[in-house]
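I opened this one to get a feel for the fold before doing anything else. These are my running notes, in the order I looked things up.

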Amino acid sequence: MSLKHAVLGLLAESPASGYDLMKLFNVSLSNVWPATQSQVYGELTKLTTAGLVEIAAHGPRGRKEYAITDDGLAELRHWLIEVEPTGQQRHDGLLRTFFLGIVTPLEAQTYLLHQAERAARTRAELEHLEETAQWDEEMISVYGRIALEYGLRMSATQEEWARWAAEEVNSAKARRAGELARRQHEEAGPQAERRPDEESRHPDKARPEGD
């Protein structure tokens, strides 16, 4: 997803000013695609120049209301239907999990339980949003509620996984793997410091023949 398509999507429902778009971002899209005011206004300028958005009305104090054009709607439909979602290719938290054997089981458990608490807080925030948001029959509201359900389910799954993983790192198998990795590191360190370089160990090989 890009900010470009987020703006087009919001304008596809109804024309809006930059200020209106920022309010919509804050109450609907900020959990999945946050944007700053300067980013939104900058994107509006780019979209207008590209002919995907046009200024539909002028108001007091330089207020401009933007509307999606036919070309903009065609681009949005193309993105929705024909462009494959990229998904999350990188996950910093899961990358760390691969290497938790380097630290102690207690440190690994502390890290994972912290992730569980973060997921629980996220879910609590989303539940609060679900209870307090003014859901209506408009597109962003109806489909936003569907997107919110994804967050609720994912945060619940993340918390469940992190608590399971915190128990798993304390298993005998995980402990043995961690101890092996730490022992190999400890044994390799002093050896690497004491090991002479290849030239001093094999002077004949390091020196060209005939010298």
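The entries below go from the whole chain to the sheet, then to the first helix and the cores.

**Entry 1: the whole chain**

I'm working with a predicted model here, so I keep that in mind throughout. I counted elements and got 10 helices and 3 strands in the protein chain. Reading from the N terminus, I get the order α-β-α-α-β-β-α-α-α-α-α-α-α.

Next I checked burial: 23% of the 211 residues count as buried. The accessible surface adds up to about 15,300 Å², and carbon and sulfur atoms hold 53% of that. I also looked at contact range. Taking contacts with a separation of 6 or more, 56% are between residues 24 or more positions apart.

**Entry 2: the sheet**

In what order do the strands sit in the sheet? I read E1-E3-E2, an open sheet of 3 strands with antiparallel pairing. E1 (16-17) and E2 (53-58) are the edge strands, each pairing on one side only.

I then went through the pairs. E2 and E3 (residues 64-68) are antiparallel over 5 bridges, while E1 and E3, also antiparallel, are joined by 2 bridges. A reminder to myself: strands of a sheet pair through backbone hydrogen bonds.

For the register, I noted that Ile 55 stands opposite Tyr 66 in E3, and Ala 57 stands opposite Glu 65. On the E1 side, Ala 16 also stands opposite Tyr 66.

I had a look at the hairpin of E2 and E3 as well. There are 5 residues between the strands, and Arg 61 takes a positive phi near 55°.

**Entry 3: helix H1**

What packs on the sheet? I found H1 (residues 3-13) there, touching E1, E2 and E3, with its direction at about 95° to that of E3.

Is H1 mostly covered or mostly open? Mostly covered: I count 8 of its 11 residues as buried. The buried ones are Leu 3, His 5, Ala 6, Val 7, Leu 8, Gly 9, Leu 10 and Leu 11.

**Entry 4: H1 against H2**

I pulled the geometry of this helix pair next. H1 and H2 pack at an angle of about 100°, and their axes are 11 Å apart. The angle falls within 65 to 115 degrees, so I log H1 and H2 as roughly perpendicular. From H1, the contact uses Leu 3, Ala 6, Val 7, Leu 10 and Leu 11; from H2, it uses Leu 21, Leu 24, Phe 25 and Leu 29.

A general point on helices that I jotted beside this: an α-helix has 3.6 residues a turn, so residues three or four places apart point the same way.

**Entry 5: the cores**

Which residues have the most contacts inside the largest nonpolar core? I got Val 7, Leu 8, Leu 11, Leu 21, Phe 25, Val 40 and Leu 44, in a core of 20 residues. H1, H2 (18-29), H3 (37-49) and E3 each give two or more residues to this core. H1 gives the most, with 6 residues.

I zoomed in on Val 7. Setting aside neighbours within four places in sequence, I see Val 7 in contact with Leu 21, Phe 25, Glu 43, Leu 44 and Leu 47.

Another core, of 7 residues, lies apart from the largest one; Leu 100, Tyr 111, Leu 112 and Ala 166 are among its members.

Key
Residues are numbered from 1 along each chain as its sequence is written. This is a predicted model: local features need pLDDT of at least 70, side-chain atom pairs count only at pLDDT 80 or more; totals for chains, interfaces and linings use all residues. Side-chain values use heavy atoms; hydrogens and water are left out. Two strands pair if DSSP finds at least two bridges between them. Helices (H or I, at least four residues) and strands (E, at least two) are DSSP runs, numbered from the N terminus. Contact means heavy atoms within 4.5 Å. Axes are lines fitted to C-alpha atoms, for helices over the stretch in contact, and angles run from 0 to 180 degrees between N-to-C directions. Buried means under 20% relative accessible area, exposed over 50%, partly exposed in between (1.4 Å probe, protein chains only). Accessible areas come from the Shrake-Rupley method with a 1.4 Å probe; for residues, only the protein chains shown count as cover. A nonpolar core is a set of buried Ala, Val, Leu, Ile, Met, Phe, Trp, Tyr and Cys residues joined through side-chain atoms within 4.5 Å. Angles under 35 degrees count as roughly parallel, over 145 as roughly antiparallel, 65 to 115 as roughly perpendicular and the rest as oblique.
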